[in-house]
Amino acid sequence: MPASCPVADGCVLSVHALPAALPAHAPLTYPRWRHWLDDPQGAGPEAPEQPEQQPEQPEQATLRAVCATGPGGDAAGLALLHLPPGLPGRLLSVMVAPAWRRRGIGSALLAAATRQAAAQGCPALTAQHSTAAAGIGAYDAFMEANGWPQAALMQVRGYGRAGWARTAGQTFARHRAALGRRGYALTPWPELTAADLAGIRALVASGAVPDGYDPMLQHDRDAPDLSAVLRRHGAVVGWAKAHWQDAAQTQAFYHSGWVLPDVARQGWLAVAMIDLSARQADLYGDDSLTGFSTDAANLPMQAILFNRFGALAERIDRLMRRTLPLPAAGTEPPPGLTAAGGNPPPCHSPG
Ligand SMILES: CC(C)(COP(=O)(O)OP(=O)(O)OC[C@H]1O[C@@H](n2cnc3c(N)ncnc32)[C@H](O)[C@@H]1OP(=O)(O)O)[C@@H](O)C(=O)NCCC(=O)NCCS
């Protein structure tokens with residue numbers, strides 16, 4: 001089986017387990033994912049090849065890159081995937097270098113990504129985008145041309161200045177005290193014990209945590225001092241994590257905010273948002289920016305974000321998600337899973 005397969009104009013596709021040394025392709029994804037393409041310790045210029053049937057380490061099994069490479073070795077395109085075996089996979093990004101666009105490479109990347117997800121036993125593949133991102137019209141047309149369903153609203157995101165939490169802290173003091181009596185506490189991420197972390201990993205592995213809320217997915221780039229777990233009488237019942245959106249550390253975005261269903265919709269995350277923003281204001285100043293997101297379906301939380309926490313409505317954008325159902329392994333793919341203009345041969349996966 002070939003190590004790579006031809007797509008268009010001498011361009012070839014190859015599949016890699018991440019992390020792997022793929023520095024030429026790193027610019028073809030968002031800055032937050034690029035560290036997976038840096039030279040990992042001990043790896044050579046590229047991840048070593050492994051037979052497809054060889055069992056993989058769980059950490060390695062979940063992250064994949066599909067690379068399109070031009071005849072001169074230039075990076076033509078890249079798709080990044082998170083594929084937890086047996087759970088819905090996520091297309092983290094798909095990008096084609098401007099000089100290579102409109103030649104079917106993006107479609108070939110999507111088709112290869114879909115095959116990887118199906119081979120991993122993922123029942124579906126999802127893809128997310130922000131309504132504020134540039135070039136969304138072209139991306140929508142591209143996904144539609146490849147047979148992906150229309151995007152649905154997933155999250156609404158609001159941004160404000162960290163100092164908002166000082167007023168909100170006073171307004172919500174009684175509610176906060178009531179939660180305190182029910183055992184509410186917030187523990188900064190650096191203070192977690194090994195048992196806490198094992199408990200979090202077990203929760204994620206159980207499938208109880210929805211797609212996008214795994215607190216370890218972006219762990220390498222998270223800001224530990226702004227990330228925390230929520231506890232009820234000492235036991236971890238949820239978390240909220242943050243990363244800086246700029247090198248100067250003036251804009252923090254809080255993501256993966258999640259609580260166990262039996263404490264959901266009782267104000268635990270709302271109080272945690274106040275506490276985390278107050279912490280950010282103390283550490284980085286009242287004018288540093290905080291961003292929060294809430295589920296499209298969580299209308300009460302949206303009302304809190306934009307009505308009760310009006311200061312967070314300084315800037316708003318929406319996170320959209322497409323979900324492509326995948327056929328069970330061994331069945332015929334439905335129309336739309338093949339590349340536009342012809343289905344390239346299956347690509348060998350080095351790992
Ligand atoms: C979106 C993107 C990946 C498409 O890659 P590509 O290799 O040019 O796509 P393809 O050649 O496979 O296009 C297949 C079909 O999609 C549609 N399409 C692709 N680009 C389009 C555009 N700019 N406008 C309208 N339709 C478009 C067309 O129907 C096209 O078929 P056609 O060329 O026969 O008309 C590429 O434009 C890109 O990298 N954009 C910037 C990054 C981005 O937006 N990524 C998505 C968020 S992660």
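Over which residues does pLDDT stay under 50 while the model has 21 contacts beyond four places in sequence? The stretch in question is residues 42-60. It is a good place to begin, since this is a predicted model, and a reader will want to know where the predictor had little confidence. A second such stretch covers residues 334-351, where pLDDT again stays under 50 and the model has 53 contacts beyond four places in sequence. Across the protein chain, pLDDT averages 85, and 86% of the residues score at least 70.

With that in mind, let us look at the overall layout. The protein chain holds eight helices and 13 strands. Of its 351 residues, 40% are buried. Take the contacts between residues at least 6 apart in sequence: 73% of them join residues at least 24 apart.

Next, turn to the interior. The largest nonpolar core has 49 residues, and those with the most contacts inside it are Ala65, Val66, Ala68, Ala79, Ile105, Leu109 and Ala113. Several elements each give at least two residues to this core: the strands β2 (12-17), β3 (63-69), β4 (75-82), β5 and β6 (124-130), together with the helix α2. The largest share, nine residues, comes from α2. To see how one residue sits among these elements, find Ala113 and set aside its neighbours within four places in sequence; Ala113 is then in contact with Val66, Ala79, Leu81, Leu91 and Leu125. Apart from this core lies another, of 37 residues, which includes Phe172, Leu179, Trp239 and Ala311.

One of the strands that feed the largest core, β3, deserves a visit of its own. Seven of its seven residues are buried. Both faces of β3 are covered: one side carries Leu63, Ala65, Cys67 and Thr69, the other Arg64, Val66 and Ala68. On to its partners: β2 and β3 run antiparallel and are joined by six bridges, with Thr69 of β3 as the bridge partner of Val12. β3 also runs antiparallel to β4, and seven bridges join these two strands; here Cys67 has Leu78 in β4 as its bridge partner. β3 and β4 form a hairpin with five residues between them, and Gly73 in the turn has a positive phi of about 85°.

Now follow the chain to the loop between α2 and β6, where Gln120 has its place. Is Gln120 buried or exposed? Gln120 counts as buried because it has 20 C-beta neighbours inside 10 Å. Not counting residues up to four places away in sequence, Gln120 touches Leu83, Pro85 and Gly89. Pro85 and Gln120 are 35 residues apart in sequence, yet their C-alpha atoms are 5.4 Å apart in space.

Our last stop is the ligand. It is surrounded by 19 residues, and the closest are Arg101, Gly106, Ser107, Ala138 and Ala141. Which elements each supply at least two residues of this shell? They are β5 (89-96), α2 (105-119) and α3 (136-145). The largest share, five residues, comes from α3. By character, the shell around the ligand divides into ten nonpolar, six polar and three charged residues. Two of these elements will be familiar from the interior: β5 and α2 each supply at least two residues of the largest nonpolar core, and each supplies at least two residues of the shell around the ligand.

Methods: Residues numbered from 1 in each chain as written. Predicted model: local features only at pLDDT ≥ 70, side-chain atom pairs only at ≥ 80, totals over all residues. Near = placed C-beta within 6 Å. Helix = DSSP H or I, 4+ residues; strand = E, 2+ residues; numbered from the N terminus. Nonpolar A, V, L, I, M, F, W, Y, C, P; charged D, E, K, R; others polar. Buried ≥ 20, exposed ≤ 12 C-beta atoms within 10 Å, placed from the backbone. Contact = placed C-beta atoms within 7 Å. Core = buried A, V, L, I, M, F, W, Y, C linked by C-beta atoms within 7 Å. pLDDT = per-residue confidence, 0-100. Pairing = 2+ DSSP bridges.
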